[in-house]
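Here are some notes to read alongside the model, written for someone who is meeting it fresh. Have a look at the picture and then go through the points in order.

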There are 2 protein chains.
Amino acid sequence: MADELHQYFEQVVLPKNSSLVSEGQICRHLYFLESGAIRGSYMLDGKEITHWFGFAPEFVTSFHSFSTQQPSVESIYTLEGSVFWRISKVQLSQLMDNYHEIERLVRIAYEGYYIRLEERFVNAHFKTAAERYRQLIEQEPHILEKASLGHLASYLGISQETLSRIRSKR
Amino acid sequence: MADELHQYFEQVVLPKNSSLVSEGQICRHLYFLESGAIRGSYMLDGKEITHWFGFAPEFVTSFHSFSTQQPSVESIYTLEGSVFWRISKVQLSQLMDNYHEIERLVRIAYEGYYIRLEERFVNAHFKTAAERYRQLIEQEPHILEKASLGHLASYLGISQETLSRIRSKR
DNA sequence: TTCGTTTTTTGACAGATGTCAAAAACTTCT
DNA sequence: AGAAGTTTTTGACATCTGTCAAAAAACGAA
C-alpha cells in the first residue's frame, strides 16, 4: 500500500509569497505541507482578511472548495519557501474507496480539524481583543514568528492599529 | 447490516428545558436528534453563552468531549420536547471498524460539520452585530422560532440589549 | 550605504457595543 | 383573573475599537 500511496502524490515547491490556491478557482487538491508556512485569506470590503495559518507538517487545502468543488472564496499564500505533496480529489477518493484505512485517516483528520476550529471559535466569541492576543501567545506562539502585524490582526478579528496598541502596552 | 445497526441505538426522550449533556461530564454518546431542538452552551464569567443550536434531523453531541473523551466544557439542553437515538462511542467505533461504509458516513458528516462551522466563523469574523443578525434571518431562520433573545444574542456574540435594539430598528 | 517601499506606531476622533438599572411586556400556574 | 416569575425593552453612560491620517521604523534592492 505504501508504494501505491507514493505514486499518487506529486511534489510542489513554492518560494515565499506565492499563491497555492487562488480565489475563484476550484481547488482540486489536498496538500501535505512538508515544510514551510502558509496563510488562508479572503477579501472583504476591499481588505484582505487572513483567517487561518498552516504550519508544516500538516494537511492543508481550501477545505470548502475542495469538499464541495465550488470556486474557492479564499486564497492561500506561502509565508516562506514551502514544500508540498499534493494529491487530487479524484485520486484521494479512489484511495478512500480502496482502503478503509485511508478513509479512517481522513475521518480522524477532519475530526481533529473540527475540534480545533471549534476551540478557536469559542475563544474568539466573547473575549476582548487583548484577551485573544494573550491567548494566541499562549496557544499558538509559532504564528507570531511568521505572520506580519496585518495578518495577525485580521486573524484575531481586529484592526492593525488596535493590535499595535495592545502590543505596546506590555 | 441495517438490523445490526438498529440494535446499537437506544431511544432517549426528553421534555423541554432538560439537559442531555452536562458540563464536566464525559460525553460518551453520539445522538441522532429525530425530533425537537437543542442548544449547546457554556459558562463564561458567570454568564451562559449559547454557541450552537441543533435541529432535527441531525447527529449531535458534545463533539469535543465525545471525540477526546475529556470532560465536556459545554452543556446541551432541549429547547422543546425532543426524541433522540443514541449510540455509545465504543459501539460506534466497532461499527466503523466493521463497516467501511459507516466510517465513510462519519467522515462525510465531519466534513459537513467542518464546512458549516467554517462558514459561520467567517461570517462572524468582521461583521457588525446588525449584519450578523440579518444574516441569521436569511440563513438560519428556524433558529428565530425556537430561541429566546438571550440565547440568540450570545449565539451572535453580542449582548441581549444590543440585539433588542437592532430588532426594534426595523 | 542609500533610496524607495513596506510595515508598524501614534494621534485624534467618531461610532458601536457593553454594562447597570429599571420599566414594560409577556408567560405560567393557581 | 391575579400573582409571581421570566423575558424583553428602554435609558444613561463609559469604554472599546475602527477609521483616517501622518510619522517613525524596518526592510530590501541596487
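## Notes on the DNA surface, the chain contact and a sheet

1. Start with α8(B): this helix gives the largest share of the surface near DNA strand D, 6 residues. A residue is near the strand if its C-beta atom, placed from the backbone, lies within 6 Å of it. Helices (H or I, at least four residues) and strands (E, at least two) are DSSP runs, numbered from the N terminus.

2. A word on what you're looking at. This is a predicted model, where local features need pLDDT of at least 70 and side-chain atom pairs count only at pLDDT 80 or more, while totals for chains, interfaces and linings use all residues. Residues are numbered from 1 along each chain as its sequence is written, and chains are lettered from A and ligands numbered from 1 in the order in which they are written.

3. Back to the DNA. There are 16 residues around strand D, and A:T128, A:S159, A:T162, B:L149 and B:S164 come nearest. At least two residues of this surface come from each of α5 (129–139) and α8 (160–168) of chain A, and likewise from α7 (149–156) and α8 (160–168) of chain B. By type, the surface has 8 polar, 4 charged and 4 nonpolar residues. Here Ala, Val, Leu, Ile, Met, Phe, Trp, Tyr, Cys and Pro count as nonpolar, Asp, Glu, Lys and Arg as charged, and the others, Gly among them, as polar.

4. Now the two chains. Chain A and chain B each put 23 residues into their contact, with contact meaning C-beta atoms, placed from the backbone, within 7 Å. On the chain A side, β5 (47–55), α2 (63–68) and α4 (100–125) give two or more residues each, and α4(A) has the largest share with 15 residues. That side splits into 12 nonpolar, 6 polar and 5 charged residues.

5. How are the copies related? A rotation of 180° with 0.0 Å of shift along its axis puts chain A on chain B, at an RMSD of 0.0 Å (least squares on the C-alpha atoms of residues with pLDDT of at least 70 in both). The two copies are thus related as by a two-fold rotation axis. In chain A, A:R107 has the C-alpha nearest the axis, 2.2 Å from it.

6. Last, a sheet in chain A. Four strands form an open, antiparallel sheet in the order β1-β8-β3-β6, where pairing takes at least two DSSP bridges. The edge strands are β1 (10–14) and β6 (58–60). Within the sheet, A:F32 stands opposite A:F59 in β6(A).

Notes:
Contact = placed C-beta atoms within 7 Å.
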